[in-house]
Every structure is written in structure tokens, then in C-alpha cells.
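Student: I've got the model open and I'd like to work through its sheet. Can you take me through the reasoning?
Tutor: Sure, let's have a look.

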Amino acid sequence: MRYLTIHCAATTASMDIGVDEIRQWHLARGFRDVGYHYVIRRDGTLERGRPESQTGAHVGGYNTGNIGVCMAGGVKDDGETPEDNFTAAQWSALDALLTDLHERYPEALIMGHNGFPGHESRGCPCFDWRAYRDALHNEHWSDKPAEWDGHWIEEVDFIT
Ligand SMILES: [Zn+2]
């Protein structure tokens with residue numbers, strides 16, 4: 001696995017959506033299934049999308065070896081302006097999921113969607129994922145072995 005990529009659903013704070021709704025949206029766009037591997041609902045419930053063994057559809061050009069995690073929320077009530085409106089329960093669920101994924105895929109970079117070349121103009125994931133990544137490391141992984149320090153905090157590499 002090369003990347004663990006965080007997305008948001010670009011839904012409002014009051015929209016209680018999960019993998020079933022996103023699957024319908026993605027099927028309507030012609031995908032064969034929901035594009036993400038995991039969805040975190042507003043209440044922090046973790047839902048499974050595509051199996052990890054299947055390539056996702058969430059970062060055009062970079063889907064190979066890339067697990068996609070989608071947080072419900074991310075926009076203001078106008079339905080389009082990015083807003084970091086995620087719940088405490090969602091942050092806890094994301095911390096736990098990324099910790100699990102990092103243990104299983106220690107070589108993978110942790111990324112936000114707009115960290116990929118060609119995707120910089122996107123609002124997704126609608127929060128400062130680089131600061132989040134630093135906090136994850138400093139606050140949640142400080143008791144982890146030294147091997148947990150390292151390359152995962154680098155930016156996306158350009159070797160394809
Ligand atoms: Zn995205």
C-alpha cells in the first residue's frame with residue numbers, strides 16, 4: 001500500500017449520511033461500487049466500503065495502492081463552502097482507523113486528497129490534514145516504537 005488518503009463527503013453538518021448514500025451517488029456516476037474503502041459517519045461510526053483488497057476510486061490517477069477514507073461533513077449549510085465541521089467522535093474514529101491502517105501498512109503515506117498533484121485546487125478533505133497528521137504523530141503515537149517516526153509524514157512522491 002502506498003497511500004492512506006483522507007477525504008470528506010462535502011456534505012453539511014446536519015446531513016447524517018454513510019456508506020449507503022455515498023454508494024448510491026457513486027453508482028449514479030458510473031462507478032461499480034462506492035469509491036472509498038471506509039466512511040466515518042457524523043456520530044463516529046466506521047463503515048466499510050470497498051474491501052481493502054480492491055482498488056478504490058477516489059483520487060484520479062492515484063488509486064493504485066491507495067486506501068480511501070471519507071469523513072461525512074466538510075461544507076457549510078450553503079452546500080459548497082469548505083468548513084472544518086467534523087465531530088469529536090469522527091476525529092476519534094479517524095485516529096483509531098489510521099492507527100490500525102498504519103500498523104498494517106507502515107510504508108504508506110498518510111495524505112489528504114488535495115495533497116496529490118493535479119488535485120491541489122480541491123477543498124477536500126476540508127481541514128488542515130497536514131496539521132492533523134502532525135498531531136496524530138505527536139499526540140497519539142508518541143508511545144509507539146521509533147519505526148513509527150518517518151517517511152509516512154513526507155509529501156506524496158512523484159514516482160509512478
Ligand atoms: Zn476527496
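Student: Which residue stands opposite V69 in β5?
Tutor: Y38 does. Keep in mind that this is a predicted model, where local features need pLDDT of at least 70, side-chain atom pairs count only at pLDDT 80 or more, and totals for chains, interfaces and linings use all residues. Residues are numbered from 1 along each chain as its sequence is written.

Student: What makes β3 and β5 a pair?
Tutor: Strands are DSSP runs of E with at least two residues, numbered from the N terminus. Two of them pair if DSSP finds at least two bridges between them. β3 (residues 38-40) and β5 have three bridges, in the parallel sense, so they pair by that rule.

Student: How do you know that β1 pairs with β5?
Tutor: Six bridges join β1 (residues 3-8) to β5, and the two run parallel. One of the partnerships is C8 with M71. β1 also pairs with β7, parallel again, over four bridges, with Y3 partnered by L109.

Student: What is the strand order in the open sheet?
Tutor: β4-β3-β5-β1-β7, with mixed pairing. β4 (46-48) and β7 (109-112) are at the edges with a single partner strand each, so one side of each lacks a neighbour in the sheet.

Student: Why is β5 called largely enclosed?
Tutor: A residue counts as buried if 20 or more other C-beta atoms, placed from the backbone, lie within 10 Å of its own (exposed: 12 or fewer; partly exposed: in between). Six of the six residues of β5 (residues 66-71) are buried, so the rest of the structure largely encloses it. N66, G68 and C70 point one way, while I67, V69 and M71 point the other.
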